[in-house]
Amino acid sequence: MEIQELTAFQHSEEIIQPFTISCVEDTVVVCTKDHTLVLRLKYKHIVEDGAICYELSRIKCSTARPTGALIAHEATLYHASSMEQRRRIMLDQTIFPNIAKVYICNVQSWISPPGVFEDNPREHLIANVTNMGQLTIYRLEEQCQSSWNTYVDVSDTWQSHIYDRHPIEAYDELQIMVDEMTITCFAWETTIHQHPVRFAFGTKSGKIVFCNLKPNVPKIEHVHQEEEASRVIKYISVPGQHHFLLVGLESGRLGVYRFGGANQLGAFFVQYIATYFEEDLCISAIECEVERKANGTEQLLIIAVKATYLLMIEIDFDGTLRSSATLSMENFMITGLQQVCPRRYIACTLPGKMFHLQVDEASSRSCLQIAQQEVATDLNVGSYALYGVAASRTRTGWFILGYPSRRFDHLTLRSPTCIFFCRFNQRDALEMLLANSTYRLESYHDAAEMVRFHGNKQPKTLAPLEDAQLELSLDEQSIYQLKLQLIQLSARISYNTKRNQAFTLGLYAQHRFICALIEGINAARIVRWLVEKYTQRKAALHPMQQEALRCLRNFIRTLTAEAQCPGECEYLLTKLKPTLLEVLEAADQIETPAIADEVCSFCDAPIYAYREQCPDSHAVFRCVLTKIQITLECEEITCEICQRYSIGPTVLGTVLEQSMAIVDYRKCCICDAPFKGSGSKSV
């Protein structure tokens, strides 16, 4: 088994806890410290740039402070409190949130199942809880599809339900009201069967509240008091049956509630105490399956995550415990759990290990059998720790959340949160599209996106679509088959565009390199002619010839030292370099007048004559000389064919441009066209 990375999205937000990524339908939600990231799939049949078709929007963490609405005189309460109570006041920022700076961050974000709105079944709501106990539900704005607005403030409704705004005069009463107002967890019902939609949340005081969501206002249906606070909730809705609420309590117990209506609430518990725990661990995540067997029995398969352990139990709808098992992952901290299919799961751990879990019934009814197999991945787990895993609608696209585990990598920390887009070889997207008997693509957009992007990376995977022989008619199947052809063509367009662009850039680099070699050879021949004139003829060089010699010598030295050689042409410079160095060695024996070095306009550092930029490679802005009269004793210096500026052989004028071509005698160094005329030239 293998999970293969296709691409990655990186963001600047920080991750502060595991199990913060989830996916419902075609929407991925990631809960970070300050924002909730929402990635929505906007599938397109043709995408030429090879990018994943997910649109990003953000929900800013709410800054509301529910406990700040409590009416209490802070100084009076503090001085009237005991030393232990004062310690709690100093450590708990929710007690007096209005008199000092508080640090607010997200705790978790939950996306609703489809069908919240009857007129728009594909629209979702997102609920968010902060560390101040604020619960807010957001809805996507209709006009601006990248902005999320507050739909309902559940904390405000809950505050109105429990607090009559009377003054609080004692610390004990204040602590009770703070715990009552602080919401710790939330859950949507797994499947919406009827309206209004229901949800549940838990408080720090141990209350479990059942609500329904009428348009723009939540209504509290029932409040149940538990002895301890709840940390995680899973709401299982079963059509035509009692619904179930699975609650991970603060002590590590698993509470299972069954209820059927606003006035019918029966509660029972399945308590698990492991013999190898000195103290039981809190539950950090819960997954559940509803199973109906052939013999008519109905049961729940519950998987609870406890640090490095998985607790699995089977219970009947009446609460009877059928079997249980515990699995140690032997890795530090389980951070993600995602169902692949019934009784099959993918789990990830913080150090980067991923496992495939298979839960089977044993011959003994008191025990479950769990098969564990490590999944191979090509993720960069050397630099990233894994903080969660989620899967798309058809389980063909997998999203794994990473956060840097090597703090010294400052470049990574600029955008630390990384969402890896992956494929799982046990859930082939192309096979799923070909086996789709509905001939509709709207419920398979995630699979189509995985096929397109994987084909963009590896075109050979598109062979079944490319080799297919279509027989078209006026039915849905023909339209569906043509849409599959669009998928593979889009992938191939993107692949060939990138490949041809890279090939063209390589040819362009070779072209520039060959031009530089031509100019270098011509420059070397002119320098050699000047050296012969100076040494053999014992003739003094004209000041302009000395300056030209200095310029050409620096040009050749730059070419031999810093020229970027394409792989196919590197041998040319290798063979030419000894000759150029020999010319430079002879030219260095001629003294040229010293001139002042050019100075960088940014840092005032000198730009040496043999370099084009300062040592820090700042951009250089040079003025353009437009009206300078140069008297020449040779042919015209401008080629009429390629319009390149060049320098004649007899009196070499001042070089006016940084990248000036050099001519050899009476021909252009680029196109070999002869020069015409002589005299003066206005450049």
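In this predicted model, Leu486 is in contact with His45 and Ile46 once its neighbours within four places in sequence are left aside. The C-alpha atoms of Leu486 and Ile46 are 6.9 Å apart in space, although 440 residues separate the two in sequence. Leu486 belongs to helix H9, which runs over residues 476-535. Because its relative accessibility is 33%, and the class in question lies between 20% and 50%, Leu486 counts as partly exposed.

The pairing of Leu486 with Ile46 can be set beside the figures for the chain as a whole. Among the contacts in the protein chain with a separation of 6 or more, 56% are between residues 24 or more positions apart. The secondary structure comprises 11 helices and 33 strands, and 48% of the 683 residues count as buried. The chain exposes about 33900 Å², of which carbon and sulfur atoms supply 50%.

Helix H9 also takes part in a packing with helix H10, in which the two axes are 9 Å apart and form an angle of about 140°. That angle makes H9 oblique to H10, since only angles over 145 degrees count as roughly antiparallel. The crossing in which H9 passes H10 is left-handed. On the side of H9, the contact is made by Ala516, Glu519, Gly520, Ala523, Ala524, Ile526, Val527, Trp529, Leu530 and Lys533, and these meet Gln545, Leu549, Leu552, Arg553, Phe555, Ile556 and Leu559 in H10. The residues of this contact divide into 12 nonpolar, two polar and three charged.

Helix H10 (residues 543-562) packs in turn with helix H11 (residues 570-587), their axes coming within 10 Å and crossing at roughly 150°. Because this angle is over 145 degrees, H10 is roughly antiparallel to H11. H10 passes H11 in a left-handed crossing. The residues that make the contact are Leu549, Arg553, Ile556, Arg557, Leu559 and Thr560 of H10, together with Leu573, Lys577, Leu580, Leu581, Leu584 and Ala587 of H11. Eight of the residues in the contact of H10 with H11 are nonpolar, one is polar and three are charged. Leu549, Arg553, Ile556 and Leu559 of H10 appear in the contact with H9 and also in the contact with H11.

Among the strands, E5 (residues 54-60) contains Arg58. When residues up to four places away in sequence are not counted, Arg58 touches His11, Glu13, His35, Thr36, Leu37 and Trp148. Arg58 and Val38 are 20 residues apart in sequence, and their C-alpha atoms are 6.0 Å apart in space. With a relative accessibility of 37%, Arg58 counts as partly exposed.

Several loops between strands hold backbone features that call for comment. Most residues other than glycine have a negative phi, and most peptide bonds are trans. Ala307, which is not a glycine, nevertheless has a positive phi of about 60°, and is found in the loop between strand E19 (298-306) and strand E20 (309-316). A positive phi, near 65°, is also found in Arg343, which is located in the loop between strand E22 (334-341) and strand E23 (344-349). Ala307 is partly exposed, its relative accessible area being 30%, whereas Arg343, at 11% relative accessibility, counts as buried because the limit for that class is under 20%. The peptide bond from His195 to Pro196 is cis, with omega near 0°, and Pro196 lies in the loop between strand E10 (183-188) and strand E11 (197-203).

Terms used. Residues are numbered from 1 along each chain as its sequence is written. This is a predicted model: local features need pLDDT of at least 70, side-chain atom pairs count only at pLDDT 80 or more; totals for chains, interfaces and linings use all residues. Side-chain values use heavy atoms; hydrogens and water are left out. Helices (H or I, at least four residues) and strands (E, at least two) are DSSP runs, numbered from the N terminus. Buried means under 20% relative accessible area, exposed over 50%, partly exposed in between (1.4 Å probe, protein chains only). Contact means heavy atoms within 4.5 Å. Axes are lines fitted to C-alpha atoms, for helices over the stretch in contact, and angles run from 0 to 180 degrees between N-to-C directions. Angles under 35 degrees count as roughly parallel, over 145 as roughly antiparallel, 65 to 115 as roughly perpendicular and the rest as oblique. A crossing is left-handed if the near helix is turned anticlockwise from the far one by less than a right angle, and right-handed if clockwise. Ala, Val, Leu, Ile, Met, Phe, Trp, Tyr, Cys and Pro count as nonpolar, Asp, Glu, Lys and Arg as charged, and the others, Gly among them, as polar. Accessible areas come from the Shrake-Rupley method with a 1.4 Å probe; for residues, only the protein chains shown count as cover.
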